[in-house]
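Here is a quick walk through one protein model. Have the viewer ready and follow along.

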Amino acid sequence: MNHPFQRFQYCPSCGSRSFASKDDKSMQCGQCGFRYFINEAAAVVALIRNENREFLFTIRKNDPARGMLDFPGGFVDLGETAEQAVVREIKEELNLDVTTVSFFGSFPNQYLYGGLLYFTLDLVFECEVASFGSIQATDDVSDFQFMDIQKVDIDSVGLNSIKTVVAKLKQG
């Protein structure tokens with residue numbers, strides 16, 4: 001019972017138990033007609049390289065995929081653009097100041113957290129930073145490292161969307 005449709009039993013509007021799947025992306029209450037849609041949450045991912053063209057990877061501090069490789073990033077806050085979010089997340093997680101942001105691609109993802117399946121759309125950006133002099137692991141990051149993308153073991157990467165990005169980067 002991980003998918004939200006399997007976990008949500010009561011209508012959030014009237015409390016009725018007649019809250020059921022209407023199709024593969026929504027639920028509807030048979031009592032009051034309230035309809036709830038499952039949509040992907042927006043998340044951002046930063047591809048940052050050093051002077052040796054190595055990619056900056058983080059080590060996840062928390063589940064899902066705690067202790068695994070990831071790229072820095074996180075969720076887009078309400079009222080925030082994806083570009084603002086990637087700048088904010090890099091500052092929060094690594095204390096770095098992003099100077100340029102360029103869209104790379106989008107990658108759907110899903111992961112289990114707290115017994116519930118979450119759906120995200122990871123918006124990936126190539127970013128440049130002013131300097132690596134102030135870099136430090138904070139927030140959701142336990143550590144970081146620069147790696148040659150060709151030497152990254154895909155099994156050490158925690159999230160499926162990031163595995164897809166790494167595979168794409170390896171292809172050139």
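What follows goes from the overall layout to a sheet, the largest pocket, a few single residues and the cysteines.

## Overall layout

Keep in mind that this is a predicted model. The protein chain holds 3 helices and 10 strands. Going along the sequence, the elements come in the pattern α-β-β-β-β-β-β-β-α-β-β-β-α. Taken along the principal axes, the C-alpha atoms fill a box of roughly 60 × 35 × 25 Å.

How much of the chain is buried? Of the 172 residues, 39% count as buried. As for contacts with a separation of 6 or more, 58% of them involve residues 24 or more positions apart.

## A three-stranded sheet

In what order do the strands of the open sheet sit? The order is E6-E5-E10, with 3 strands and antiparallel pairing. Strands E6 (69-70) and E10 (141-147) stand at the edges with a single partner strand each, so each has one side without a neighbour in the sheet. For background, strands in a sheet pair through backbone hydrogen bonds, and they can do so parallel or antiparallel.

Now zoom in on E5, which covers residues 55-60. The link between E5 and E6 consists of 2 bridges, and the two strands run antiparallel. If you want a spot to click on, Ile59 stands opposite Leu69 in E6.

## Backbone oddities

It helps to recall the usual picture here: most residues other than glycine have a negative phi, and most peptide bonds are trans. The loop between E5 and E6 holds Pro64, and the peptide bond joining Asp63 and Pro64 is cis, with omega about 0°. Ala65 lies in the loop between E5 and E6 as well. Its phi is positive, about 65°, although Ala65 is not a glycine. Is Ala65 buried or exposed? Ala65 has a relative accessible area of 19%, so it counts as buried, the limit being under 20%.

Another positive phi turns up at Asp139, where the value is near 60° in a residue other than glycine. Asp139 belongs to the loop between E9 and E10. With a relative accessible area of 36%, Asp139 is partly exposed.

## The largest pocket

On to the empty space. The largest pocket has a volume of about 480 Å³, and 28 residues line it. Which of them lie nearest its centre? Those are Arg60, Gly73, Gly74, Phe75 and Tyr111.

Several elements contribute to the lining. At least two residues each come from strand E4 (41-48), E5, strand E7 (73-75), helix H2 (82-94), E8 and strand E9 (116-129). Sorted by class, the lining of the largest pocket has 14 nonpolar, 6 polar and 8 charged residues.

## Two buried residues and their contacts

Glu89 sits in helix H2. What does Glu89 touch, if you skip residues up to four places away in sequence? The list is Val44, Gly73, Gly74, Phe75 and Asp139. Gly73, Gly74 and Phe75 come up again from the pocket, where they are among the residues nearest the centre. Asp139 is the loop residue with the positive phi. Glu89 itself is buried, at 6% relative accessible area.

Phe107 is the other one to look at, in strand E8 (residues 98-113). Its relative accessibility is 9%, so Phe107 counts as buried. Beyond neighbours within four places in sequence, Phe107 is in contact with Thr120, Leu121, Asp122, Val124, Ser161, Thr164, Val165 and Lys168. Thr120, for one, falls in the range of strand E9 (116-129). To get a feel for distance, try Gly33: its C-alpha is 33 Å from that of Phe107, and the two positions lie 74 residues apart along the chain.

## Cysteines

How many disulfides does the whole structure have? A search finds 0. As a reminder, a disulfide is a covalent bond between the sulfur atoms of two cysteines. For Cys29, the closest cysteine sulfur belongs to Cys14 at 3.7 Å, which is too far for a bond because the cut-off is 2.5 Å.

Cys29 is buried, with a relative accessible area of 4%. Cys127 is buried too, at 5%.

Definitions and conventions: Residues numbered from 1 in each chain as written. Predicted model: local features only at pLDDT ≥ 70, side-chain atom pairs only at ≥ 80, totals over all residues. Heavy atoms only, no water. Pairing = 2+ DSSP bridges. Helix = DSSP H or I, 4+ residues; strand = E, 2+ residues; numbered from the N terminus. Buried < 20%, exposed > 50% of the residue type's maximum accessible area, 1.4 Å probe, protein only. Contact = heavy atoms within 4.5 Å. 1 Å grid on protein atoms, 1.4 Å probe; cavity = no way out; pocket = protein on both sides within 12 Å on 5 of 7 lines; lining within 4 Å. Points joined across faces, edges and corners; volume = space filled by probe spheres on them. Nonpolar A, V, L, I, M, F, W, Y, C, P; charged D, E, K, R; others polar.
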